Amino acid sequence: MGGDHGPGEVVAGAAQLSLRREDIQVVLVGDTEQLAPLLDAQSYEPRRLSLRHTPQWVAPQRRSREALDELPEASILVACRMVAEGQADAVVTAGPTGAAILAAERCLGRVPGVRRAALAAVTPTELRHGPRQDPFALLLDVGSTLHVRAEDLVTFAIMGSAYATAISENPRPRVALLSNGSEPHKGPSEVVEAHQLLLEMKDIEFVGNVEGLDIPRGTVDVVVTDGFVGNVVLKMIEGLGEVITDLAADAHARKFLWRLGLNMLSSGMKEIQSLLDWESYGGAPILGFTQPVIKAHGRSHSRAVGNACKVAAKAARSDMAASIERAMRRMPRSGSQSG
Amino acid sequence: MAQEVTRWRHAYRWDLDKTYLDTRFEKFGELLRIPFQGAEDKVNVPGSAALLRELTRAIDGQADSYVSIVSGSPRQLREVLEAKLRLDGVTWQEFHLKPQLKNLSKGRLRAVREQVGYKLPLMLRSRVALPATLRETLFGDDAEVDVLVYSLYADLLCGRSSGEELDALLKKVGASAAARQRCASDLASLEPSGSDREPVETIFIHLDSGSPPALFAPFGARVIPVFNYYQAALVLFARGHLDVQSVVRITAAFLKADRCGPWELANLFQDIARRGHLPTDAMETLAIGVQDDSAGNEAAEVVWNSAQRLLDLQGMVGPSPQPDPPPLDYPALLDHLKSSRRAARRARSKSESG
């Protein structure tokens, strides 16, 4: 029940989804005293929407580990426990990422062989991907693990490839490492080492290094990096989308000729706007756990929350976690990897 | 009069379209199809027939239920609609249909759509002929202004609203002078119930148009918005109108015909309890009542699991809504309902086009 806009947007997103998708059941976990009036003010379909009461929740400003130790009934823990016990199939949260990762670690556990979880996000691209011609690529990690080892980057590549196969139905996604040059020796030591390790792996289509400009171009299907760089890149793309929209609105208001020009380009502008609209992509999966965990953006409005739930349902249906587990089993073991 | 008092155990008043029957007339094509439909083409709102059958089921040593149906459908449909009710195994004492052809031929276009000036006089006239102590439960929907008509009717019977307020509202909706005069005279001839309990016990509003439940909060605890009649059955069990077996039979009807599985029914159960209309003690009684049947009887098992699931969890049963609504300003509420409906229609068409 987190998120910058409070539980109202989460409740509205779930309510709208309950009206539109007959194949998804949503359980809202949180303080019913707070949630009930918000829900009653919405149109919703109660056959596909229920509540689970818990009075505790993790405030965004709190340290996640400390908060979860003190709040055993925190909503994120209850939600993860429900999934672990088979009462639900996936967790969606707009709350703090750290709390979601810790709660998932405690209740669901990591896939064997995965040392660190990775937050994966889709980024809009010029080129299309996979058999469905999706206008986006997968970028991971975007904030889960700030300091990585080479083995972590390899794990992220395997998980990203498995996710793209399961969710985007891309049978052989092209995977690359993000670096400051395409040459194998370019970049920090962990990237150089990961490059060598990935070259030896035959199960994934590793195409080498890509640079920042390749992300919006979409030259590959999965871009692998550490959580620090990934987060900076992701936020920059989001910011760019918002700035383009603001600039267009400003130009529209300032000069008649510009307005005329923009009106003539309006359908194209709308396409660009929808491509850059992060709310339409739903949430980002936190890969590496035995069940799907989807992190909705903290700034999510109802539409983004609903889309995050759709991503969660798709991840659960495609048995995405099991695909990752199978891919990890095929990964050659090295001495430095631990579970 | 003493004989009349024992003749009926409770009165149930039903609207027909969108309350009992799942009638669609939002599009022109749907409207055109209606006159050509036979009784077997008419579709029930899920659970409506099962619920009405259970409410009118004969009980040894008890008087019968009184059923009144007031519909805005034209009188020309009487034969088909009565055949439909008979097909459903439903019995009734009153069945009113609207003189739509007469309204059209006399150019009374407002009267074709208007519900307040049509239903209220009929209900008051019907009440005059019934024992003053008879209590009522009313069923309507959110497509028109049933909640307002029923609430005003309830307030008139218990004396919370006056003849002047009734007249002001009738004037606002354009009711004829004759209808206003009839209402005033029927209201004046009503006997006081002589009981502390209000004559209208519950008003169920079937959320056909997807209105948020909170829209009906200003009407007080007497009004209970329900998403379907499984929820109404649970409330009516809690209020002593239905026994455990009736609830199980209605549950079975939902499992069989109305696209509701155990999970969906459990969610509907939770929803009505969460909104404070199904107290814990009623849930316990229901759970105990179905416990013996729950092995091998899917419907009983669904009820048992739903009740048990809620009783096991903390904080899932909402507090009962405040019993006494504040005095209602009916003309203002009429405007509020109409503007909410317009806003909802706009939002729906925007969402459909987007």
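This passage describes the sheets, helix packing, domains and chain contact of a predicted model.

In chain A, eight strands make up an open sheet with mixed pairing. Read across the sheet, the order of the strands is β3-β10-β9-β4-β5-β8-β6-β7. The edges are occupied by β3 (residues 91-93) and β7 (residues 205-210) of chain A, each of which has a single partner strand, so one side of each has no neighbour in the sheet. On average, and with direction ignored, neighbouring strands of this sheet are turned by 30° against each other. At one edge, β3(A) pairs with strand β10 (residues 293-295) of chain A in the parallel sense, over three bridges. Within this pairing, A:Val293 of β10(A) is the bridge partner of A:Val91. Helix α12 of chain A, residues 302-317, lies across β3, β9 (284-287) and β10 of the chain. The direction of this helix is at about 160° to that of β10(A).

Two backbone features were found around strand β5 of chain A. Most residues other than glycine have a negative phi, and most peptide bonds are trans. A:Gln133, in the loop between β4 (118-129) and β5 of chain A, is a residue other than glycine with a positive phi, near 55°. The peptide bond between A:Leu140 and A:Asp141 is cis, with omega about 10°. A:Asp141 belongs to the loop that runs between β5 (134-140) and α6 of chain A.

Two packed helices are described by the angle between their axes and the distance between the axes. In chain A, the axes of helix α6 (residues 150-167) and helix α13 (residues 320-330) come within 9 Å and cross at roughly 135°. Angles from 65 to 115 degrees count as roughly perpendicular and those over 145 as roughly antiparallel; α6(A) and α13(A) are therefore oblique to each other. Their crossing is right-handed. On the α6(A) side, the contact is made by A:Ile158, A:Met159, A:Ser161, A:Ala162, A:Tyr163, A:Thr165, A:Ala166 and A:Ile167. The α13(A) side consists of A:Met320, A:Ser323, A:Ile324, A:Ala327 and A:Met328. Sorted by class, the residues of this contact are 10 nonpolar and three polar, with no charged residues.

Chain B is divided into domain 1, residues 2-226, and domain 2, residues 242-312. The C-alpha centres of the two domains lie 28 Å apart. Eight residues of domain 1 and nine residues of domain 2 take part in the contact between them. On the side of domain 1 that touches domain 2, the largest share comes from helix α3 (residues 48-55) of chain B, with three residues. This side of domain 1 has five nonpolar residues, one polar residue and two charged residues.

An open sheet of six strands is also present in chain B, with parallel pairing and the order β3-β2-β1-β4-β5-β6. Strands β3 (94-98) and β6 (223-226) of chain B stand at the edges; each has a single partner strand, so one side of each is left without a neighbour in the sheet. The average turn between neighbouring strands of this sheet is 15°, direction ignored. Strand β4 of chain B (residues 136-141) and strand β5 of chain B (residues 200-206) run parallel and are joined by six bridges. In this pair, B:Asp141 has B:His206 of β5(B) as its bridge partner.

A helix pair was also examined in chain B. The axes of helix α12 (residues 244-257) and helix α14 (residues 280-291) of chain B come within 10 Å, crossing at roughly 80°. That angle makes α12(B) roughly perpendicular to α14(B). From α12(B), the residues in contact are B:Val244, B:Val247 and B:Val248, and from α14(B) they are B:Leu286, B:Gly289 and B:Val290. Five residues of this contact are nonpolar, one is polar and none is charged.

The contact between the chains takes 14 residues from chain A and 20 residues from chain B. On the side of chain A, the elements that give two or more residues are α2 (32-40) and β2 (49-53). Of these, β2(A) gives the most, with four residues. By class, the side of chain A that touches chain B has six nonpolar, six polar and two charged residues.

Methods:
Residues numbered from 1 in each chain as written. Chains lettered and ligands numbered in written order. Predicted model: local features only at pLDDT ≥ 70, side-chain atom pairs only at ≥ 80, totals over all residues. Pairing = 2+ DSSP bridges. Axes fitted to C-alpha atoms, helices over the stretch in contact; angles between N-to-C directions. Parallel < 35°, antiparallel > 145°, perpendicular 65-115°, else oblique. Left-handed = near helix turned anticlockwise from the far one by under 90°. Contact = placed C-beta atoms within 7 Å. Nonpolar A, V, L, I, M, F, W, Y, C, P; charged D, E, K, R; others polar. Domains from an automatic or database assignment.
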